[in-house]
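Here is my note on this model, in numbered points. Please keep the structure open while you read.

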Amino acid sequence: MDNMKVYLDNNATTPTDPRAVDAMLPYFYQMPGNAASRNHPFGWEAEEAVDYAREQIAKLIGASSKEIIFTSGATEGDNLAIKGVFEMYKRKGNHIITLATEHKAVLDTCKAIEKKGGEVTYLKVNREGFVDLAELEAAIKPNTILISIMFANNETGLIQPMKEIGQICEKHGVLFMSDATQAVGKIPLNVKELGIHLMAFTSHKMYGPKGVGALYVSRKSPRVKVTAQIDGGGHERGMRSGTLNVPGIVGFGKAAEIAMTDMEEDSKRVSKLRDKLEAALMANLEEVYINGNKEHRMPHVTNLSFKHVEGEGLMMTFNQNIAVSSGSACTSASLEPSYVLKALGLGDDLAHSSIRFSLGRFTKEEEIDYTIESLTKGVTHMRNLSPIWEMYKEGVDLDAVVWSEH
Ligand SMILES: *Cc1c(COP(=O)(O)O)cnc(C)c1O
């Protein structure tokens, strides 16, 4: 039991499904062609494999294969979508609306847009993590060209009301972009039904290999264009130059196909395990809080705050055995509380005391049992050592205590 290694950090990256690995292998040596080589069979078979993967991926999201642009991952997809739309639709306007709780790949791209003369509105979210639809609609101006809202949050698993957002975009003639990295392949979604015009996602968060992703760009009503961010041979219909990662794309395609067949089963099984973990920890321990809305969230994620226990310290009590994420981000000099949790209104203390558990296709029940046991022990141990916990138990109003400065 003590050398059990439990991986509950599937929102950071997922293992590659062995079935995807098998599909990739022939494309390293036996079929080494460049998909852009049009004049010999090696090139043709590589191109055929890429086209097949494009179909598999398009099918998963309800798009047509011509609407899939291969990238190196979701970071590149976010950059290409946002910068590409900003440059392409400059004459129409320069205003973009996004959320304070987006991934850095979107937020930092928006910061870069601001430096280039763009105007960006960062909408707040409520206590549960949802965007306010009335506020969103009110933020639209004549110069708004793009609304970029993530599908599911990477820290809390919260799913935004995508259909309603799509309707608002449609009503105002604004392009709708989504970073759907955490949702694609795990919950059913259809870009046409939701009115999404651009959508970035990545293979390594849905059991495919790392270093490959896709950007969906709508080709019909509306026909969307993005300015290329990488110039070169004009691959991917001129939107993204560079030799395609054929084995990676094949693995990504296979992962998409597996997602279509296994999604329902996976999500039922994994959400049961997630609920078991959550219920057991809340039963075993006092003062445990779920961060974000409980109903509209991804089936495999729970983000919990253990009051008066510092998350990073807690992780050290089982660090070698259980991989999770804490609500603190390492910056150069200090541990910063997660900006996503702070946007939900959590104080620094509760943000620092949070742990994200992200389960996955390969999570086993005995691993969850082991995690429940380790967490219960770890939290109890840390609270037993904590003078703050002792004061809290004695009924001292901690908010009223004046702490001396050092
Ligand atoms: C992981 C992640 C990304 C980055 O994806 P890469 O493929 O690693 O570049 C972007 N957005 C979200 C929401 C993510 O979870």
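1. Start with the ligand, and bear in mind that this model is predicted. A nitrogen atom of the ligand lies 2.6 Å from an N or O atom in the side chain of Asp179. Find Asp179 and look at that pair.

2. Two further side chains deserve a look. In Thr75, an N or O atom of the side chain is 2.5 Å from an oxygen atom of the ligand. In Gln182, a polar side-chain atom sits 2.8 Å from an oxygen atom of the ligand. How much of the ligand's accessible area does the protein cover? On its own the ligand has 380 Å² of accessible area, and the protein covers 87% of that.

3. Now take in the whole shell. Thr75, Asp179 and Gln182 are among the residues around the ligand. The others are Gly73, Ala74, His103, Met150, Asn154, Thr181, Thr202, His204 and Lys205. By class, the shell has eight polar, two nonpolar and two charged residues. Asp179 and Lys205 are the charged residues of the shell.

4. Next, the domains. The assignment for the protein chain gives two pieces of sequence, 6-12 and 263-387, to domain 1. Domain 2 is 18-258. Their centres, taken over C-alpha atoms, are 29 Å apart. Domain 1 puts 27 residues into the contact, and domain 2 puts in 33.

5. Then look for enclosed space. How many cavities of 30 Å³ or more does a search of the whole structure find? The search finds two. The largest holds about 130 Å³ of space. The second largest has a volume of about 40 Å³.

6. Where does the largest cavity lie? It lies between domain 1 and domain 2, because both give residues to its lining. The lining includes Gly185, Lys186 and Tyr207. Also in the lining are Met263, Asp266, Ser267, Val270, Pro299, His300, Leu359, Gly360 and Arg361. The classes here are five nonpolar, four polar and three charged.

7. The second largest cavity has another list. Thr101, Gly129, Asn153, Thr156, Leu158 and Gln160 line it, along with Val340 and Leu344. Five of these lining residues are polar and three are nonpolar. Which class is missing from the lining of the second largest cavity? The charged class: the lining has no charged residues.

Definitions and conventions. Residues are numbered from 1 along each chain as its sequence is written. This is a predicted model: local features need pLDDT of at least 70, side-chain atom pairs count only at pLDDT 80 or more; totals for chains, interfaces and linings use all residues. Side-chain values use heavy atoms; hydrogens and water are left out. A residue is near a molecule or strand if one of its heavy atoms lies within 4 Å of it. A polar contact is a pair of N or O atoms within 3.5 Å; within protein, one must be able to donate a hydrogen and the other to accept it, and residues adjacent in sequence count only if both atoms are side-chain atoms. Accessible areas come from the Shrake-Rupley method with a 1.4 Å probe; for residues, only the protein chains shown count as cover. On a 1 Å grid over the protein atoms alone, a cavity is a set of points where a 1.4 Å probe fits but cannot get out, and a pocket is an open set with protein on both sides within 12 Å along at least five of seven lines; lining residues have an atom within 4 Å of a point. Grid points are joined across faces, edges and corners, and a volume is the space filled by probe spheres set on the points. Domain bounds come from an automatic or database domain assignment. Contact means heavy atoms within 4.5 Å.
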